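User: I'm new to this structure and would love a close look at a single part of it. Could you start from one residue and then walk me outward through its surroundings?

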Amino acid sequence: MVQVVERTPARLRAGVVGRLDSVVFGVASTAPSYSLAVTVGLLAAAVGAAAPVALALSAIPVVLVALCFRELNRELPDCGTSYAWAQRALGRRAGGLSGWLAIAACLLVMANLAQISALYLFDLLGLDGLAGSRLAQAAVGCAAIGVMAWLAYRGVQVAARVQTVLVVVEVGALLWFAGRALAQADHLAAPTLSTTGGTGGVSGWTAAFLAAVFLYWGWDSSFSTNEESDDPRETPGFAALAANGVLVVLYLVVTWAAVSWAGTDRLAAVADDDFFSVLAGQLMGTVGGKVLVGAVLVSGLASAQTTILPTSRTLLAMGRDGVLHPRLADVSPRYGTPSVATWAFSGAAAVLYVVLVGLSDSVLNDSVAATAVMVAGYYGLTAFATLRFPWSDGAARRPLARVVVPALATAAFAVTLVVSLLDISPVSLLVIGLSLAAGIPALGPTRKALVKEPA
């Protein structure tokens with residue numbers, strides 16, 4: 001039974017996020033440089049020469065889910081996004097599960113972003129001795145989380161300005177790398193479905209799809225600021241699709257260039273590392289290599305900030321509905337941003353990072369696969385929620401957007417989840433299990449809710 005707390009909730013600041021800001025959030029949140037650094041080798045190891053084609057094919061279900069997000073957002077622009085929509089369509093527990101999968105995935109990726117920020121900062125400054133110190137890694141990684149949390153707390157407009165600069169630097173560095181790689185390649189790789197040089201088969205293609213999900217994940221940040229958008233029902237959908245378009249082109253060009261220049265064998269050999277740090281210096285020299293190191297550092301910092309933005313708003317929505325503690329719904333009267341949720345998530349991410357980095361680097365590597373599985377889980381739930389959503393004008397009014405597209409997306413992610421869970425490493429499976437166990441409070445009885453103002 002819901003216990004009502006008689007107080008009016010503060011609101012997020014409306015009308016401050018434009019289309020360009022929202023597109024920037026969607027691109028930056030994917031951490032293009034970092035994501036490419038840790039997944040291109042995995043793609044080469046999984047499907048060999050077919051890596052660019054695998055990225056193109058993997059974009060299809062991701063775009064289908066983005067269309068589901070757009071349709072749901074037009075009906076119900078709520079900063080809780082997947083959580084709010086799944087709760088309305090499938091019930092409180094399904095909503096809580098969807099929300100927690102998103103939160104847990106963001107916690108895990110924050111640990112990776114903190115680690116990459118620390119290691120690449122040491123590399124950029126030539127502090128090789130500190131790079132091997134877990135204490136130094138923890139200190140710098142936690143400091144990075146703190147700074148990005150502070151910028152996110154200061155307001156979404158401040159975040160947008162910072163992100164625009166960081167994204168321009170990052171994309172410019174990646175295109176520079178791609179241009180150099182294509183210019184120095186012995187031959188340009190032709191598009192192919194042949195998995196020569198990779199594992200191939202169902203296992204290989206599933207691993208490639210999960211890697212691609214991790215690569216593309218982040219565009220949904222555009223929807224998390226819907227209540228703060230200049231047009232809450234249309235801006236996020238436009239921005240998410242535009243961000244996906246930018247990412248597909250960028251990822252295909254960089255991966256094609258890497259395969260053409262380095263070959264699949266060299267890329268597969270660094271699948272457990274990041275190929276930029278291992279191979280980029282050979283292509284671009286000392287200065288160019290440092291530029292790419294700086295790009296990955298910028299990518300990690302930018303994505304950390306744009307991970308805090310959507311997750312704090314999911315926590316706010318869950319607190320507002322009484323699924324989690326209602327204090328999470330507190331909004332800063334000065335900045336119009338989630339206050340308690342921002343610092344609670346950032347603090348939890350810092351604690352998790354310290355624990356993981358203290359255990360071993362392999363835990364951080366395995367958490368990438370676990371993150372991709374959880375992202376596929378809440379994407380699949382969101383697509384299924386689109387099928388079951390109680391549309392105000394009925395599903396038959398827009399059958400393509402409300403039936404065909406979500407059905408295809410649900411099927412794609414359901415199959416991927418089943419196959420990936422059968423083939424995932426024990427450590428990644430343990431990480432998923434512990435993450436889900438930590439979210440039990442989100443699936444339990446509703447505690448108390450804030451009274452919402454009339455729309």
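Where in the chain is A31 placed, and between which helices?

Analyst: Happy to help! One thing to keep in mind from the start is that this is a predicted model. A31 sits in the loop that runs between helix 1 and helix 2, the latter covering residues 32-47.

Let's look at A31 itself. Its phi angle is near 50°, which is a positive value in a residue other than glycine. Is A31 buried or exposed? The relative accessible area of A31 is 1%, and buried means under 20%, so A31 counts as buried.

The loop of A31 begins after helix 1, so that helix is a natural next stop. Helix 1 spans residues 19-28 and packs with helix 11, which spans residues 235-262. The two axes are 8 Å apart and meet at an angle of about 45°. Because of that angle, helix 1 is oblique to helix 11. As for the handedness, helix 1 passes helix 11 in a right-handed crossing. You can follow the contact residue by residue: on the helix 1 side there are R19, S22, V23, G26 and V27. On the helix 11 side, these meet T235, P236, F238, A239, A242, A243, V246 and L247. Sorted by class, the residues of this contact are nine nonpolar, three polar and one charged.

Now step to the other side of helix 1. V16 is in the loop between strand 1 (3-5) and helix 1. V16 is buried because its relative accessibility is 16%. Setting aside residues up to four places away in sequence, V16 touches D21, V156, Q157 and E228. Of these, D21 falls within the 19-28 span of helix 1. For a sense of distance, V16 and A136 are 120 residues apart along the chain, and their C-alpha atoms are separated by 38 Å.

One of the contacts of V16, V156, leads us to helix 8, which covers residues 156-184. What does helix 8 do alongside helix 13? Their axes come within 9 Å and cross at roughly 150°. Helix 8 and helix 13 are therefore roughly antiparallel to each other. Their crossing is left-handed. The residues of this contact divide into 19 nonpolar, six polar and three charged.

Helix 13 runs over residues 275-320, and S312 has its place there. With a relative accessible area of 1%, S312 is buried. Its side chain makes a polar contact, at 3.2 Å, with the side chain of R313. Beyond its neighbours within four places in sequence, S312 is in contact with P338, A341 and T342.

After helix 13 comes a loop leading to helix 14 (340-359), and V323 lies in that loop. V323 is buried because its relative accessibility is 4%. V323 and R92 are 231 residues apart along the chain, while their C-alpha atoms are separated by 8.3 Å. D321 is found in the loop between helix 13 and helix 14 as well. D321 counts as buried, at 19% relative accessibility, because the cut-off for buried is under 20%. From D321 to R233, the C-alpha distance is 21 Å, with these positions 88 residues apart in sequence terms.

To finish, let's return to the feature that started us off, the positive phi of A31. T81 has a positive phi too, near 40°, and T81 is likewise a residue other than glycine. T81 is found in the loop between helix 3 (51-75) and helix 4 (82-90). With 7% relative accessibility, T81 is counted as buried. Right next in numbering is S82, which lies in helix 4. S82 is buried, at 4% relative accessibility. The side chains of S82 and T382 are joined by a polar contact of 2.9 Å. Leaving aside neighbours within four places in sequence, S82 is in contact with F69, S98, Y378 and T382.

So, to come back to your question: A31 lies in the loop between helix 1 and helix 2, with a relative accessible area of 1%.

Technical notes:
Residues are numbered from 1 along each chain as its sequence is written. This is a predicted model: local features need pLDDT of at least 70, side-chain atom pairs count only at pLDDT 80 or more; totals for chains, interfaces and linings use all residues. Side-chain values use heavy atoms; hydrogens and water are left out. Axes are lines fitted to C-alpha atoms, for helices over the stretch in contact, and angles run from 0 to 180 degrees between N-to-C directions. Helices (H or I, at least four residues) and strands (E, at least two) are DSSP runs, numbered from the N terminus. Angles under 35 degrees count as roughly parallel, over 145 as roughly antiparallel, 65 to 115 as roughly perpendicular and the rest as oblique. A crossing is left-handed if the near helix is turned anticlockwise from the far one by less than a right angle, and right-handed if clockwise. Contact means heavy atoms within 4.5 Å. Ala, Val, Leu, Ile, Met, Phe, Trp, Tyr, Cys and Pro count as nonpolar, Asp, Glu, Lys and Arg as charged, and the others, Gly among them, as polar. Buried means under 20% relative accessible area, exposed over 50%, partly exposed in between (1.4 Å probe, protein chains only). A polar contact is a pair of N or O atoms within 3.5 Å; within protein, one must be able to donate a hydrogen and the other to accept it, and residues adjacent in sequence count only if both atoms are side-chain atoms.
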